[in-house]
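Trainee: Please take me for a close look at a single part of this model. After that, I would like to see how its surroundings and the rest of the chain fit around it.

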Amino acid sequence: MSEGPDTPPFSTVDINNDNRDDEDLFASAVQEVSLDPEVNGAREGLEKVTISDAPPSITASLSSPIMEEIGTERPNNIIITITEPQKIGEGMSSYVAYRVLTKTNMPIFSKHEFAVLRRFSDFLGLHEKLTEKYLRSGRIIPPAPEKSIVGTTKLKMASTPSIESANGTSAAGSMQSQFVERRRAALERFLNRVGQHPVLCIDPDFREFLESESELPKATSTSALSGAGVLRLFNKVGETVNKITYRMDESDPWFEERSSRIEALEVCLRRLYGACEALAGERRELAARTHDAARAAAALSGADLHAPLSRALSHTADLHEKIEQLRLEQSNTDFYVLAEHVKDYLGLIGAIKDVFHERVKVFQNCQHAQMQLTKRRENKAKAELANRPEKIEQATNEIIEWESKVERGQQEFDTISRVIKKELERWDELRLTELRAALLRYLDEHMKHQAQSIRYWDAFLPEARAIK
């Protein structure tokens, strides 16, 4: 199976060892940085070296207060391709495994190229681990594909599913292969987005996911019907209610303006996604009608005794069969190149909203701590008026404790605000680059389809004019 639509050719990535010594020192120096609590989980497996041993450019980058600023100084050279989906087992206990091929020159990996087999639940497990570690600190976690109980069940129960190509020989086989191809491409985009993130890419769980040849522990919590899945559903309901019922008095105009822009962008993208899906469906329906026309022309060519006309009708049938395939390819271009890309960005907008909500939760905790501190100060004042030394001492200790919590809460709020701003700046840059690439590829594909259609008709025209 070919690489996903969003995956650039690996030939564009410069893999060489010219600066590997400096990169090794850089990766090792990351272990010594104590700039952000979340980085602790991403330091395992790196060789220790003091910052003073690093090259000057690296030492300068390590002085930054935000971890991802290190990464933006040195872009990640890593390309991840998912190929060869294969069904393992039979019946409801079966699953589809994907071959994950990684090519990189990042020194934190043991090799330049390696491949492993992973099942869908492994991808969901990785996303869950990254979310637990980094969402709280304001990182935008690239979304993993959603579970589809209906699609998965149909695939499990199929006796001989065709998952090698998006063009199945039967309607059921085609539906199954399209489902697997959509999931494969979405998983590939998910891993590449994680790999390009300057903090997530050095996470030990991500490295284990890509490198470990052994089977990963089964992520049972990702099952939709498990106890953890049900609990997760209730938590989501609670989070949704909290988002609806609580409105934070925003003091930062940057966040107020950016939230409005995100909401407007989401509305436009949803409208575009619906239009692209409808367009792909209409093109597929047009291809089906073209197929009917081809069959009718073929039947008519056999019934007409006039040889030149019969030959022209036969060629017309052949022409419509070719046009049918072109329209199917156009439908796939509408769906896989544009619609799926738009759907990805709807998921990313959901991830951005999640970090915005995390910031609101941190603000709520800070406000709660401030309220408790005010209450403790009032209690101390009452105790002093009542001349109760034991209550005064207790209130004083509690004031010191809550003052510390307020200070920590404010620091956490300032930190998550700063990280979110940096994350969104990075996301804006990537969004423009990826959207431009997707639109150019979409237009290029359709121009090729139209040019091929013209060639088909030009080749048929002399045959039509020869009818006498």
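**A helix with a kink**

Mentor: Let's begin with α10, which has a kink of about 35 degrees centred on Ala-339. The bend is the angle between axes fitted to the seven residues ending there and the seven starting there. Please bear in mind that this is a predicted model, in which local features need pLDDT of at least 70 and side-chain atom pairs count only at pLDDT 80 or more, while totals for chains, interfaces and linings use all residues. Residues are numbered from 1 along each chain as its sequence is written, and side-chain values use heavy atoms, with hydrogens and water left out.

Now look at the length of α10. Its 80 residues reach 116 Å from the first C-alpha to the last, close to the 118 Å expected at 1.5 Å a residue (1.5 Å times one less than the number of residues). The helix name follows DSSP runs numbered from the N terminus, where helices are H or I of at least four residues and strands E of at least two.

Within α10 you will find Leu-313. Leu-313 is classed as buried because its relative accessible area is 15% (buried is under 20%, exposed over 50%, partly exposed in between, with a 1.4 Å probe and protein chains only). Its C-alpha sits 5.7 Å from that of Ala-297, although 16 residues separate Leu-313 and Ala-297 in sequence.

Go on past the end of α10 and you meet Asn-387, with a positive phi near 55 degrees. Then look at Arg-388 and Glu-390, which form a salt bridge with their closest N and O atoms 3.6 Å apart (a side-chain nitrogen of Lys or Arg within 4 Å of a carboxyl oxygen of Asp or Glu). Both partners are partly exposed: Glu-390 has a relative accessible area of 47%, and Arg-388 has one of 38%. Elsewhere, salt bridges with shared partners tie Arg-189, Arg-193, Asp-344 and Glu-434 into one network.

Two members of that network, Arg-193 and Glu-434, lead us to the largest cavity, whose lining includes both of them. The other residues of this lining are Ile-140, Pro-142, His-197, Tyr-345, Leu-348, Glu-423, Arg-426, Trp-427, Leu-430 and Arg-431. Two elements each give two or more residues to the lining, namely α10 (307-386) and α11 (389-465). The most comes from α11, with 6 residues. In character, the lining divides into 6 nonpolar, 1 polar and 5 charged residues. The largest cavity has a volume of about 150 Å³, and the count of cavities of 30 Å³ or more comes to 1. Here a cavity is a set of points on a 1 Å grid over the protein atoms alone where a 1.4 Å probe fits but cannot get out, and lining residues have an atom within 4 Å of a point.

Salt bridges are worth a wider look too, as a search of the whole structure finds 27 of them. One joins the side chains of Glu-181 and Arg-184, at 3.0 Å from N to O. Both residues lie in helix α6 (residues 171-196), 3 residues apart, about one turn of the helix. Glu-181 is buried, as its relative accessible area of 14% shows, and Arg-184 is buried with a value of 0%.

Helix α9 (residues 253-303) holds Arg-270 and Glu-266, which are 4 residues apart, again about one turn of the helix. Their side chains meet in a salt bridge of 3.2 Å, N to O. In this pair Arg-270 is partly exposed at 48% relative accessible area, whereas Glu-266 is buried at 11%.

Next, find the loop between α6 and α7 (204-211), where Val-199 lies. Val-199 is buried, with a relative accessible area of 1%. Its C-alpha is 8.8 Å from that of Arg-139, a residue 60 positions away along the chain.

Helix α4 (residues 120-134) has 15 residues and should span 21 Å at 1.5 Å a residue, which agrees with the 22 Å between its end C-alpha atoms. Among the buried residues of α4 are Phe-120, Phe-123, Leu-126, Leu-130 and Tyr-134.

Finally, step back to the whole chain, which has 11 helices and 3 strands. Along the sequence they follow the pattern α-α-α-β-β-β-α-α-α-α-α-α-α-α. Of the 468 residues in the chain, 43% are buried.

Definitions and conventions
On a 1 Å grid over the protein atoms alone, a cavity is a set of points where a 1.4 Å probe fits but cannot get out, and a pocket is an open set with protein on both sides within 12 Å along at least five of seven lines; lining residues have an atom within 4 Å of a point. Grid points are joined across faces, edges and corners, and a volume is the space filled by probe spheres set on the points. Ala, Val, Leu, Ile, Met, Phe, Trp, Tyr, Cys and Pro count as nonpolar, Asp, Glu, Lys and Arg as charged, and the others, Gly among them, as polar.
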